[in-house]
Amino acid sequence: MIQSGVPALRVIATFLFLLLAPLPAVATPLVPPLPVEEHVLWNGMRLLLCERHDEPSVSAGWVAHVGSVDEPPGKSGASHLIEHMLFKGSTTVGVVPGQAGREAALMAEEEQIQQQIRGQEARLRRQLGLMGKEDLIPQEVRTPRLQTLDARLAALSARQRPLTLTNEFHRIYAAAGATELNAHTMADMTTFFVTLPRNKLELWFWMESERLLHPVFRGFYPERDVILEERRKRIDSTPLGRQQEIFRARFFGPTPYAVPTAGWPAEILSLGRKDVEVYFRRHYTPRNLTAVLVGDFDPAEALALARRYLARLPSKNPAGSADASKNIRWDSWDKRPGNAIDRFEAETPPRLWLQFHTVGFRQADSWALQVAAQLLTGPAGRLHLIVRLNLGTRFEVRQVSSRHTGVFTVDAEGAPDHPALGLLRVVDEELARLSREPVDRWELGQAKNQLAFSALRRLAGNQEILTELLESDGLGSWR
């Protein structure tokens, strides 16, 4: 059972006493501020340098201020596809030497066939009445014309395969001793990162500038199928994946945050290479990117390398480009559902998801809500009575602030013989008590100390600091 759509006003009232309760005296900071330098290149791209000499390596990454909330209607999954495509290499990385021209010609021919396939599939979807975002065309009903086009496409892919150096991007980094090479797509941003030896810093600048300046979305359609399969495993085939997706869509209503980061299946399948290339050119512009270095490097050398490689990216945005919030329909926030209870059947223990609409990143109430979540969660939290009374086996409370909004969530798993409604009653009682009774000074101080300790753990090493800087900058401010 899931409760969703509770108005933000109730949350503000619930936690008002946190703001009014006396707070402990401010202590001396546990660690000095991070030594972060910020530079802006001539093309508008920003560079953050955090010099640390604890180990002879550098954690390097960059964030694009674009995620699933920025995708045009009907094009969900574009951000995630770009993340995958940017590991396919460039005009110089990932192709057999001397074969770039032949590869480009075959990809153009492939795109022509794909346009015919999309047209045929759209017609067939209308005939079959498959209008939902989750509805895919069953393989057994594909028309003879589609089967012929599928065969032509498979033959074309077979001709391209010998021209491609598979996983060349990863191989080059691995040969240089790099680790942690990965990327993440989120609602508000997309991050790319790697850790490498300090003497391989120039390689990083060249590799990253190459895939931004000369990307080749090779293997696009097979990779699109890989993403669909990934979605089936992580969402469609799990006991609660689809329920959580439906819940998110209901909770956020007509706003872009209702769209799953992975994209809707039918919309993923309708994406063409040109769609994603246009989306890339619109949003992956220097003014929408921030590069970050954390570790053992010389800042003057790093800045010189940035000016040599990253400043090559053209500064002028293409026609139709915009900031990363262009697709947010601000008028739609008033159309979110009010109080609602949804019930789902699944082969799992009883589960409660309780969510409140709250505030976005850097808004003052977000800090009070984080403290409130800490007061409720953990072995010493107020909701631990769920476990003590044998009503449930685990629970978690968290406040997550995104670029434009926030969510306060209570997630509790009930014991097999206790319905989720019993969990809801306990949670409601504790939230009501928090709203009417001032928080004890010692309890509040303990919650704040636990939050401070968690924050320190997130700054324990180069990779952790890099993640904090990338994601904070992606939300609006690394500071």
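**Salt bridges and charge in a predicted model**

The protein has 17 helices and 11 strands. The model is a predicted one.

Q: What share of the 479 residues of the protein counts as buried?
A: A residue is taken as buried when its relative accessible area is under 20%. Applied to the 479 residues of the protein, this criterion gives a buried share of 51%.

Q: Among contacts between residues at least 6 apart in sequence, what percentage joins residues at least 24 apart?
A: Contact here requires heavy atoms within 4.5 Å. Of the contacts in the protein between residues at least 6 apart in sequence, those joining residues at least 24 apart make up 82%.

Q: What percentage of the area that the protein exposes is supplied by carbon and sulfur atoms?
A: The protein exposes about 22500 Å². The part of this area that carbon and sulfur atoms supply is 54%.

Q: How many residues apart in sequence are the parts that Asp 473 and Arg 46 tie together?
A: The structure holds 34 salt bridges. One of them joins Asp 473 to Arg 46, with the closest N and O atoms 2.6 Å apart. Because Asp 473 belongs to helix α17 (residues 462-475) and Arg 46 to strand β3, the pair ties together parts whose separation in sequence is 427 residues.

Q: Which residue of the pair Asp 473 and Arg 46 counts as buried?
A: The cut-off for buried is under 20% relative accessible area. Arg 46 has 22% and is therefore partly exposed. Asp 473 stands at 2% relative accessibility, so the buried residue is Asp 473.

Q: Which residues are joined with Arg 46 and Asp 473 into one network?
A: The pair of Asp 473 and Arg 46 is a salt bridge. Salt bridges that share partners extend the group to one network, in which Arg 46 and Asp 473 are joined by Glu 38 and Arg 479.

Q: Where does Lys 88 lie, given that the pair with Glu 223 ties together parts 135 residues apart in sequence?
A: Glu 223 and Lys 88 form a salt bridge whose closest N and O atoms are 2.8 Å apart. Glu 223 is placed in helix α8 (residues 220-236), whereas Lys 88 lies in the loop between α3 (78-85) and α4 (100-128).

Q: Is Glu 223 buried or partly exposed?
A: Its salt-bridge partner, Lys 88, has 27% relative accessibility and therefore counts as partly exposed. Glu 223 has 12% relative accessibility, so Glu 223 counts as buried.

Q: How many residues apart are Asp 296 and Arg 198?
A: The side chains of Asp 296 and Arg 198 meet in a salt bridge of 3.0 Å, N to O. Asp 296 sits in the loop between β7 (289-295) and α12 (299-309), and Arg 198 in the loop between β6 (190-197) and α7 (201-213); the pair links distant parts of the chain, and its separation is 98 residues.

Q: Is Glu 51 buried, partly exposed or exposed?
A: Glu 51 is placed in strand β3 (residues 46-51). On the surface, Glu 51 gathers with Glu 37, Asp 298 and Glu 301 in a patch of negative charge. The relative accessible area of Glu 51 is 32%, so Glu 51 is partly exposed.

Q: Which residues does Ser 402 contact, leaving aside its neighbours within four places in sequence?
A: Ser 402 is located in the loop between β10 (392-401) and β11 (406-414). Its relative accessible area is 16%, and Ser 402 is therefore buried. Leaving aside neighbours within four places in sequence, the contacts of Ser 402 are Asp 188, Tyr 257, Gly 360, Phe 361 and Leu 475.

Terms used
Residues are numbered from 1 along each chain as its sequence is written. This is a predicted model: local features need pLDDT of at least 70, side-chain atom pairs count only at pLDDT 80 or more; totals for chains, interfaces and linings use all residues. Side-chain values use heavy atoms; hydrogens and water are left out. Patches are made of residues with over 30% relative accessible area and no salt bridge: like charges are joined within 9 Å, nonpolar side chains (Val, Leu, Ile, Met, Phe, Trp, Tyr) within 5 Å. Accessible areas come from the Shrake-Rupley method with a 1.4 Å probe; for residues, only the protein chains shown count as cover. A salt bridge is a side-chain nitrogen of Lys or Arg within 4 Å of a carboxyl oxygen of Asp or Glu. Lys and Arg count as positive and Asp and Glu as negative; His and the chain ends are not counted. The place of a charge is taken as NZ of Lys, CZ of Arg, CG of Asp or CD of Glu. Helices (H or I, at least four residues) and strands (E, at least two) are DSSP runs, numbered from the N terminus. Buried means under 20% relative accessible area, exposed over 50%, partly exposed in between (1.4 Å probe, protein chains only).
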